[in-house]
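Colleague: I am new to this model and would like a close look at a single part of it. Could you take one hairpin and follow it outwards into whatever surrounds it?

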Amino acid sequence: MLELRDVSFGYESTEAVDRITASFGATQLIALTGPNGSGKSTLLKLIARVLAPHAGEIAFDGKRLRDWPAKEYAKQVAYLPQDPDPAFSMRAIDVVVSGRAPFLGRFAWERDSDYDEAAQALALCDVSHLRDRYLDEMSGGERKRVFLARVLAARPRLILLDEPLASLDISHVQQFSALLRDIVNRTGVTVLYATPDLNWAAPARAGHRCGGTGQTQQAFEHRGSCAQNQGRWDDR
Amino acid sequence: MTSTPPERTRLSARCADATLRSVSSARQQQRLVGAVALLALLLVIALLLASSAGATNASWRAAMSGDVTARAILLGIRLPRALLAALVGATLAVAGVTFQTLLRNPLADPFILGVSGGAACGASIATAAGLARLPGVVPLIAFAGACGATGAVFLLARRREYTDPTRLLLSGLVLNAFFSAVILISFGVSRQSDLTAALRWMMGTLFGATWSDVILLTILLVIAIATLASIGNDLRMFSFGEDDAKSRGVNVERVKLIGFITASIVTGAAVSVSGIIGFVGLLVPHLIRMMWRRDFRFLLPLCALGGAILVVLADLLSRTVVTSSELPIGAFTAVLGVPFFLSLLRRNR
């Protein structure tokens, strides 16, 4: 589904992502681990088309990213930044329905079917009861679930989450990891998430097996030297 | 059969959908139409009120029944002035909500990016050069100043095909400080007789509004609103940050460029005919957000109407509170807007 070939990207003078090669299939829960500053977020941004690689190729469904029309790609791949915080607080349902944006025309309003998708996504994340609540009236864990619902609302095939477990306490980390595993199993989506901690990544491997689709292990690591640090990519 | 029959599952799913659909598409649109109708009605009332009140006694009834003086006052002076007030208010509020959305900053207003500073700078230099006595020159130079300032701010904030919102705000702030210095120097070297007009312009005035101003600003505002509406769905995606918008397929740099230029040009045009009228661009979008929704598609038309109402009423007060002279409109937009704003702020937690 997703293939990376010798992908590199650097800010200013340092290389954040240096010649990464990897490929991912359907129905996987993959943790992207590595220390702070090892380029996890950058890699997610490259796959989300927020940044464009300086070298190498990323292909989705065998088609290079830059050949995908922006809105079409947004229907396939949904990205959740590390700390999405709207300048003006919004209701959960409005947050989630905004995930349907790639399906809207220039002047179009969300249709009832878009609200139905949003409601289903909220239900999938166990936060239907928060539908009319404003973001600033929710706990950190509740907000994370609402944003996960937003990402799911577009029914993407690949979901990219940047440190979704950050700032959650250990029991919430377990709950959220279980939720991710559950969603992967129920919807067949592939979730690729960044997390600095290998312990937190452990449930992902379990989910990997739970998926029961027999994927191959994707070990991808820095080949060659990394300018800033010797960060190592791993899915374990 | 121990499990639930499939039909029943489907049925209950449908019922759940129906209850969840209390937020539906049609309801959103009905609500917007209702709000627009309400504010449009208030605007018409405000315009009627503003055109019938003034130092001279002239009513619409007298004008209709053939009173030539009343007709001349109403159609020649008061109506264009009230309409221009409405247009300026609408422009400032629309520009305000656009900047707040684009910069993701609740404190942004049409003046923060140096638009008004540039206009005021142009106007004060023109005054110092003695050009204020020629008709129509000051607005023209003010408009040029506004455009120049916008361009400068944009170029300063742009680096490698990326326009950083924080750099935009900072460039605007710093340029505004520079413009204030130039304005003070210009005033220092201006003739005493030219200064009164320049000061009045600085405080905002709609004195001497003409139908050609009204027509010109109407055209610009319609184009601006249409342009902003066409990028409305993209602008909404800015709420969660530019990275998020990009990942949703929004061409962020293009939307930013279109939004800034549209809002700046129309602000420049409004400022050049009205002078500096503060608070509208900052206050009105917040008022609308507190009373209705925070969705850009609601905010755009409702801010236009809300801004129009506020400035029409402020202008009415500015010229009727004291009969001997006109007071600055900017003071009355604050006098009217701030208590209303504070009461909403208290009620909304």
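Modeller: A good place to begin is A:A59, whose bridge partner in strand β5 of chain A is A:R64. The model is a predicted one, in which local features need pLDDT of at least 70 and side-chain atom pairs count only at pLDDT 80 or more, while totals for chains, interfaces and linings use all residues. Residues are numbered from 1 along each chain as its sequence is written, with chains lettered from A and ligands numbered from 1 in the order in which they are written.

The pair A:A59 and A:R64 belongs to the antiparallel pairing of β4(A) with β5(A), which extends over 2 bridges (strands pair if DSSP finds at least two bridges between them; strands are DSSP runs of E with at least two residues, helices runs of H or I with at least four, both numbered from the N terminus). These two strands form a hairpin with 2 residues between them, and in its turn A:D61 has a positive phi of about 55°.

Going outwards from the hairpin, one finds that β5(A) covers residues 63-64 and is an edge strand, pairing on one side only. The sheet it closes is an open one of 4 strands, in which the order in chain A is β2-β1-β4-β5 and the pairing is antiparallel. Strand β4(A), residues 55-60, is also joined to β1(A), residues 2-11, and these two run antiparallel to each other over 5 bridges. Within that pairing, A:R5 faces A:E57, a residue of β4(A). At the other edge of the sheet lies β2(A), residues 14-24, which likewise pairs on one side only.

Helix α1 of chain A packs on this sheet, where it touches β1, β2 and β4, and its direction makes about 60° with that of β2(A) (contact requires C-beta atoms, placed from the backbone, within 7 Å; axes are lines fitted to C-alpha atoms, for helices over the stretch in contact, with angles from 0 to 180 degrees between N-to-C directions).

The helix leads on to another sheet in chain A, again open and made of 4 strands, but with parallel pairing and the order β3-β8-β7-β6. Its edges are β3 (29-33) and β6 (77-80) of chain A, and each of these has a partner on one side only. From one strand to the next, the twist of this sheet averages 15°. Strand β3(A) is held in parallel register with β8(A), residues 190-195, through 5 bridges, and A:T33 there stands opposite A:T195 of β8(A).

Helix α1(A), which spans residues 40-47, packs on this parallel sheet as well, touching β3, β6, β7 (158-162) and β8 of chain A. Its direction makes about 150° with that of β7(A). Starting from the hairpin of β4(A) and β5(A), we have thus reached a helix that packs on the antiparallel sheet and also on the parallel one.

Note on methods. Two residues are in contact if their C-beta atoms, placed from the backbone, lie within 7 Å.
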